[in-house]
Amino acid sequence: MPRFRFIYFVIILPIILFLTGCSFIPIEKASEYTKNLYKRIQYKTEGNYKVLNIFYATTRQTAGGAVTADSFLSSMGKDLTYGTLDAKVGPGLAIGTMLPEAIKQNDLITIKGVTRTDEAAFLKQISEAVALSPHNSLMVMVFGFKDSFEVAAIKAAYFSYLLDINTPVLLFDWPGNQPPSIPGYAKAQSYATGSGPQLGELLTKIIRDVKPAKIWLTAHSMGCQVVCDAFDTMSKYPDLSDPDAEIDHVILAAPDVAQNEFDEKFKAELASMSRKLTAYLSSDDQALLVSSIINQDSRLGLIEPRKTP
């Protein structure tokens, strides 16, 4: 019996000491923990809709009259146009609802309340929004060929809403909505390369004046050409081409960029100014296959099909 009590004591004593020690571990209050854990996107409500406010800068020429999503034309303007827009997101929006035409037709996302402002007020508004964000961050989105201003805005609202990160979002828009033809594609390419330096100058001003702790930059299709040319412009400034990375993460989805041009020039520029670079590639992207035929070169977004099962 004494031996049994000794064994029992040996087993129980470490447990008691462990639990006693745990009672002195500082524990964060649940409210503080959840406040730091759930950093969700900011929005207003309008009935059953959530209203997101998104910054935009566009190289498009603009029509006169009241400012709406239709005010932004499919041709290049002389200077950037700045402002904000409100996107109403319906309660039925879900992952997988990807086609902007279907989103618009089903009233899942509508663009309303487009405003214009000057550059100084625009940068001030972005600076205030970045300062209020928990990550002191800015997300920049650039979309591709055939996208009108309204379509690009719908896509920006879609990804902002479903990513659900509490960060201000800047849509950099360019006149990619050209006819689906070889001449239309060539014109879109010229607009993409012409818009790149303007994105580069805008990012330079944001880095220098706003000073976000994190800039996340995402681009799709021919919008990746805009981003690559933006980095080419930024690399000419010594304070941006130093060893410190100014952009936290660059994401290129189905990049419609010449493979040799990326390897010889853009790759080094992106590597010098961004901490991370992610590129999503495919072996059967029909648009990139057509692009490689038109351009008579390999595109960055295309990879060779796997030979093994």
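Where does Ser 221 lie? Ser 221 is in the loop between β7 (214-220) and α7, and we'll come back to this residue shortly.

Hello everyone, and thanks for coming. A few ground rules. This is a predicted model, in which local features need pLDDT of at least 70, side-chain atom pairs count only at pLDDT 80 or more, and totals for chains, interfaces and linings use all residues. Residues are numbered from 1 along each chain as its sequence is written, and side-chain values use heavy atoms, with hydrogens and water left out.

Let's start with the overall picture. The protein has 9 helices and 9 strands; these are DSSP runs numbered from the N terminus, with helices being H or I of at least four residues and strands being E of at least two. Of its 309 residues, 42% count as buried. Buried here means under 20% relative accessible area, exposed means over 50%, and partly exposed is in between, using a 1.4 Å probe and protein chains only. As for contacts, meaning heavy atoms within 4.5 Å, take those with a separation of 6 or more: 78% of them come from residues 24 or more positions apart.

Back to the backbone, then. Most residues other than glycine have a negative phi. Ser 221 has a positive phi near 55°, and it is buried, with a relative accessible area of 16%. Asp 164 is another non-glycine residue with a positive phi, about 60°. Asp 164 sits in the loop between α5 (149-163) and β6 (169-173), and at 24% relative accessibility it counts as partly exposed.

Now for the helix packing. Two packed helices are described by the angle between their axes and the distance between the axes. In this model the axes are lines fitted to C-alpha atoms, for helices over the stretch in contact, and angles run from 0 to 180 degrees between N-to-C directions.

Helix α6 (residues 182-210) packs against helix α7 (residues 223-234) at about 55°, with the axes 7 Å apart. The two are therefore oblique to each other: angles under 35 degrees count as roughly parallel, over 145 as roughly antiparallel, 65 to 115 as roughly perpendicular, and the rest as oblique. Their crossing is right-handed, meaning that the near helix is turned clockwise from the far one by less than a right angle, while anticlockwise would be left-handed. By class, the contact of α6 with α7 has 9 nonpolar, 7 polar and 2 charged residues. For those classes, Ala, Val, Leu, Ile, Met, Phe, Trp, Tyr, Cys and Pro count as nonpolar, Asp, Glu, Lys and Arg as charged, and the others, Gly among them, as polar.

How does α7 pass α8, in a left-handed or a right-handed crossing? It is left-handed. The axes of α7 and helix α8 (residues 259-273) come within 9 Å and cross at roughly 65°, and that makes the pair roughly perpendicular. Among the residues meeting there are Phe 231 and Met 234 in α7, and Phe 262 and Phe 266 in α8. The contact of α7 with α8 has 7 nonpolar, 1 polar and 5 charged residues.

Helix α4 (residues 119-132) also packs against α6, at an angle of about 55° with the axes 11 Å apart. That pair is likewise oblique, and the crossing is right-handed. The α4 side of the contact includes Glu 119 and Phe 122, and the α6 side includes Leu 202.

Keep those three names in mind for Tyr 82, which lies in strand β3 (residues 72-89). At 8% relative accessibility, Tyr 82 counts as buried. Setting aside residues up to four places away in sequence, Tyr 82 touches Glu 119, Phe 122 and Leu 202, among others. Its side chain also makes a polar contact of 3.0 Å with that of Glu 119; a polar contact is a pair of N or O atoms within 3.5 Å, where within protein one must be able to donate a hydrogen and the other to accept it, and residues adjacent in sequence count only if both atoms are side-chain atoms.

Last stop: helix α9 (residues 286-295), which holds Ser 291. Is Ser 291 buried or exposed? At 1% relative accessibility, Ser 291 counts as buried. Beyond its neighbours within four places in sequence, Ser 291 is in contact with Tyr 185, Asp 256 and Arg 299. Leu 289 is in α9 too, but is partly exposed at 32%.

Thanks, everyone!
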